[in-house]
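Me: I've got a model open and a pile of terms like "buried", "edge strand" and "perpendicular". Can you walk me through what earns each label?

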Amino acid sequence: MIPQENCFALRKKIKKIMIKFRYLSAVLCLSIVISTETTAQLGVPPGLAWRTMETEHFFVHYPTTHAALAQKVALKAEGVHALCTSVLRHVPSEKTHIVLSDYSDVLFGATTFVFYNAIYLSPTQCTLGIGHYDDFLSFVLLHEYCHVIDMDMIGGIPEIIRTLLGRLYTPNMLCPIWMIEGFATFFETELTNGGRGIDPLYDMYLRMAFLENKVHHLDQNGPYVDTWPGGVTPYLYGESLYRYMAKEDIDKIVRFRQANSEKLWPFSFEGNLSYYWDGSIQRKYEHWKLDLHQKYERQKREIERKGITSVEQLTNVGYDTWGLEWTRDDKEILFFNSTYDAHAYIKSVDVQSKVVKTMAPVNGHLPQLSLDSQGRNLYFSQFEMYDKNALYSDVYCLEMKTKKVRRMTKKHRAFHPSVDRFGNMVYIVQKRGQTNLCLQKEGDEEVVLIEGADETYFFAPQFSPEGNAVALPVWQRGGLMDLWIYQFEDSSFFSLCEDEAWDITPSWSPDGRFILFSSDRTGVFNIFAYHIRDGAFFQITNVVGGAFYPRVSHDGQKIAFVGYHSNGFDVSVMDMPDIENLTSFRLEDNGAHKGDHFVYGYKKSSSAFIKNTSIPTILTPGVPVRKYNPLQTLFKPIRFPFLSVDDTSGVLGIFLLGKDVLNQHFYTVLASYSLGHKRPIYSIDYLNSQWYPNVLFHAEDLILPRDLDAPLRNDDSEFYWERVQKYAIGIELPFVKIDRKFSVQAGLGLSKYTDAEGEFPSENSPYFQGQLGYSYGTLRYSSARRYPRYISYEEGISVETGFERYDKALSSDHTFSLGKLSIQKYIRVPGTRHHVLFTGFGVHSTDIQNTRNSLSILSKSIRGFVDVDWRKRAYESTLEYRVQLMNVERGYGTWPVYLRQIHSSLFTDYLYYFDTQRTANELASSGIELSVDFLVGYLIPVTLSFGYAHPWKGDDSFFHSRVYWNVNLSLGGLSHASSR
């Protein structure tokens, strides 16, 4: 027989578990949804008028200003559907939503499949990073629609679960990221004439990883990792693995995903891998590595046979390094650099000493720098956030002497500036999926030199030394990226070469006789030169990695360029060769023939640029268009039932979470029914971001245990059960920039606290009972920054201040005010990597005179102490030294647990407060905390912390626990923490 006291303890533990289950179930739903939704949020400015175009298999949602583009997307989407469904042998169970928005100058394509099948698409053309494709929109649509089909596949018990609970559980979603992204990348290559599977840039990533012994382990391909090449990794390794495993039987890949879609248990794909690929995935991975190693060694020997170019590497910063420019004295080279450990910066490297200096932070790195003829001003483009969600590029100027940055354009969507010796500037302007080549003279209005044509895109223009011509790469339908020249004398615009090679990042020699550029025509990106008058081509470099952004020094003695190795891109230099003595070659299909009429001796080719003819805005008959209706997708929630308890008996409930496809409406509902009280209990949250400001609403009527460890209220109950009724409505005005955020919140609320029966207990109750009506206002500002290899926020400051006014005019039992101010500062320790000094200070004040019972809103705690009630004022401060101990970035095979890093902190907490008797008190503790960062399920970040706090000031009766642990689950801005 179990002793009575053990029965009581067991019963209490069971109740704790069941009470917490309803909240843990909600957190579980949120973790699954938010982890898959985070990358699928296409932000748009508020207040737009939206329309919906319906085709046989799609709903295309678009702003009214984008009707022509929407029609084009709809037609392409139907073609993609016909192709993909015939090969993948699955038709999605419902129509797919496509959200089209041209409010971002960053390439964006994402898919969500939790609530419904939806593709989020920005028509922005990629500048570099996704190379070969015939048709940009079709290419992106095909990749994303492969995801739709892959995730829509479902059968067996998972299909029953989906029917009952909504699109919460998708077996193909619970796989390593390389399986998901590799699937779509493999078929984007197989089903088009382009694709990343044959892209020389992606091949370069793999080639150098193998040749420099930096190939990722299998487990490092599961999540999005912080090891170079970062987010590219799942696409890169996944596509190559699928290609190796499939051999000539492409259908094997489809059968594998179809079989996996019927798996009941999550992450149980290993059996299918072994069955379809004849053995364990780890063994196949080793065979794949051996196969590619042999391939790249052969390629390396072939390159070496022709003679490797002698170069000198000046930097060792790696990661993304672009946009070179020589200073006027040729002593330094300016460049963009962005790593996973810090902010993106414009930097300089001394050619002789190789010392790298940081000049100015930038928001992103669009690959073009241009220094004026006096060397005083450096022009570049960077991103900025406008209208809450629009992300646009603009031209900026860095004053070299003062290091101050000033804006040259605003909300103009201009990028890739180049200035000539007269101060004129050319740049590219992007809008609605098209680009224009524009000229800006000082004091004059902007002139459009060439209007962008449909599916013709401009990049990185470069002025000639005399300023009478511009060289630039131009992408055209069919995957052509060729060099073109615009001549100011007669406004002619023509191609230098037209072939399948990608010719990019041009620059001019100081004497104007040559155009140097990077090209993949040898299978490896190398630097080539084009002789302006003779029409001859010359290969300047022969490297194993890759060479980009050639820039000739002003004295003509050196060529600087960006070279690639397994850790990323770095600045290198080489001696300028005597180009005319090198072996030349010509292109038979050049399309530009020698003559005497034009400045540089070339006539327009027959396939030269033709101005865009407008696309008719009259829609094809039979394609209905209507106003956007959020109800079409808003009420397709995920559903998660739960069973819990209250003070009387069981509680049956369900958790609902839903949103519309434009992310304008979001809601959560915790709806349940108390069998003992015979009435519903609920919690509802709703957010509307359709307009400006955002509108928030909250309502709840819950029965909660006030404190699971509190003394018994009477002999017949185990816990003090409290009925909490809360209602609140508020507005939020966010002001968002890339490097800072500011928001204003205001609203009204009403809270009522009674016992579980809705009655007010006796005056001896230790807890506050009554009604509190209030108004509130909050200001928040943050410039805090965190980076991919973060251990916390590592730079900047966060400030929050606010008030709450409780007043009888608002149906409150008490009249008083609360005020607060919180400041948090993050300081990176100079000369270290991920060492952070964190300081925090907070002050809270109130004019409350008296309440019979404690108010939870007037309680504070620090590590090592229990919560204490305060009155009048409370001051709290924290000082922490945070340090990264180890950047692990390893998992185990294909297991869904990935260890990112281990870090620690030394801390001191201090609290000065006035207690309920208005007596001053002090509490202080110091300690150490060890934290481990994981990725669970390949996507969800979890931090497990263990700490020891030593109280050294305060009453012993307040000491709580010297040893503690925390679990923090970060959910895309939300977090859930549990501690002991």
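Reply: Sure, here are the labels one by one, each with the reasoning behind it.

Me: What kind of model is this, and what does the protein's secondary structure come to?

Reply: This is a predicted model. The secondary structure of the protein comes to eleven helices and 51 strands. Of its 980 residues, 55% are buried. Among contacts between residues at least 6 apart in sequence, 57% join residues at least 24 apart.

Me: How do you know that Cys146 is in no disulfide?

Reply: Look at the sulfurs. The nearest cysteine sulfur to that of Cys146 belongs to Cys84 and is 4.1 Å away. A disulfide needs the two sulfur atoms within 2.5 Å, so Cys146 is in no disulfide. The structure as a whole holds zero disulfides.

Me: Why is Cys146 called buried, and what about Cys438?

Reply: The label applies under 20% relative accessible area. Cys146 has 0%, so it counts as buried. Cys438 comes out at 1%, so it is buried too.

Me: What makes His216 buried, and where does it sit?

Reply: His216 lies in the loop between helix 6 and helix 7. Its relative accessible area is 2%, and the cut-off is under 20%, so His216 is buried. Leaving out residues up to four places away in sequence, His216 touches Asn221, Val225, Thr227, Trp228, Pro229, Thr233, Tyr237 and Tyr285.

Me: Why is helix 6 called roughly perpendicular to helix 7?

Reply: The axes of helix 6 (residues 200-211) and helix 7 (residues 233-246) cross at roughly 85 degrees and come within 10 Å. Angles of 65 to 115 degrees count as roughly perpendicular, so that is the word for this pair. On the helix 6 side the contact is made by Tyr202, Tyr205, Leu206 and Ala209, and on the helix 7 side by Tyr235, Leu236, Tyr237 and Ser240.

Me: How do you know that helix 5 has the span expected for its number of residues?

Reply: Compare the two values. Helix 5 (residues 177-190) has 14 residues, which should span 20 Å at 1.5 Å a residue, and its end C-alpha atoms are 20 Å apart, so the two agree.

Me: And what makes helix 5 largely enclosed?

Reply: In helix 5, 13 of the 14 residues are buried, so the rest of the structure largely encloses this helix.

Me: What is the span of helix 2, and what comes just after it?

Reply: Helix 2 (residues 67-88) has 22 residues and reaches 31 Å from its first C-alpha to its last, close to the 32 Å expected. Just after helix 2, Arg89 takes a positive phi of about 55 degrees.

Me: Why are strand 4 and strand 32 called edge strands?

Reply: They belong to an open sheet of six strands in the order 4-5-3-2-1-32, with mixed pairing. Strand 4 (108-112) and strand 32 (625-627) each have a single partner strand, so one side of each lacks a neighbour in the sheet. From one strand to the next, the twist averages 20 degrees.

Me: What makes strand 1 and strand 2 a pair?

Reply: Strands pair if there are at least two bridges between them. Strand 1 (residues 50-54) and strand 2 (residues 58-63) have five, so they pair, and they do so in the antiparallel sense. Met53 has Val60 in strand 2 as its bridge partner.

Me: Which helices lie across strands of that sheet?

Reply: Helix 2 lies across strand 1, strand 2, strand 3 (96-100) and strand 5 (118-122), at about 160 degrees to strand 2. Helix 3 (residues 136-152) lies across strand 2, strand 3, strand 4 and strand 5, at about 155 degrees to strand 5. Angles over 145 degrees count as roughly antiparallel, so helix 2 is roughly antiparallel to strand 2 and helix 3 is roughly antiparallel to strand 5.

Me: What about the sheet with strand 7 in it?

Reply: It is an open sheet of four strands in the order 7-8-9-10, with antiparallel pairing. Its edge strands are strand 7 (320-326) and strand 10 (356-361), since each pairs on one side only. Strand 7 and strand 8 (residues 332-338) are joined by five bridges, with Trp322 partnered by Phe336 and Thr321 opposite Asn337. Their hairpin has five residues between the strands, and there Asp330 takes a positive phi near 60 degrees.

Me: Is strand 7 mostly covered or mostly open?

Reply: Strand 7 is mostly covered, with seven of its seven residues buried.

Conventions. Residues are numbered from 1 along each chain as its sequence is written. This is a predicted model: local features need pLDDT of at least 70, side-chain atom pairs count only at pLDDT 80 or more; totals for chains, interfaces and linings use all residues. Side-chain values use heavy atoms; hydrogens and water are left out. Helices (H or I, at least four residues) and strands (E, at least two) are DSSP runs, numbered from the N terminus. Buried means under 20% relative accessible area, exposed over 50%, partly exposed in between (1.4 Å probe, protein chains only). The expected span of a helix is 1.5 Å times one less than its number of residues. Axes are lines fitted to C-alpha atoms, for helices over the stretch in contact, and angles run from 0 to 180 degrees between N-to-C directions. Angles under 35 degrees count as roughly parallel, over 145 as roughly antiparallel, 65 to 115 as roughly perpendicular and the rest as oblique. Contact means heavy atoms within 4.5 Å.
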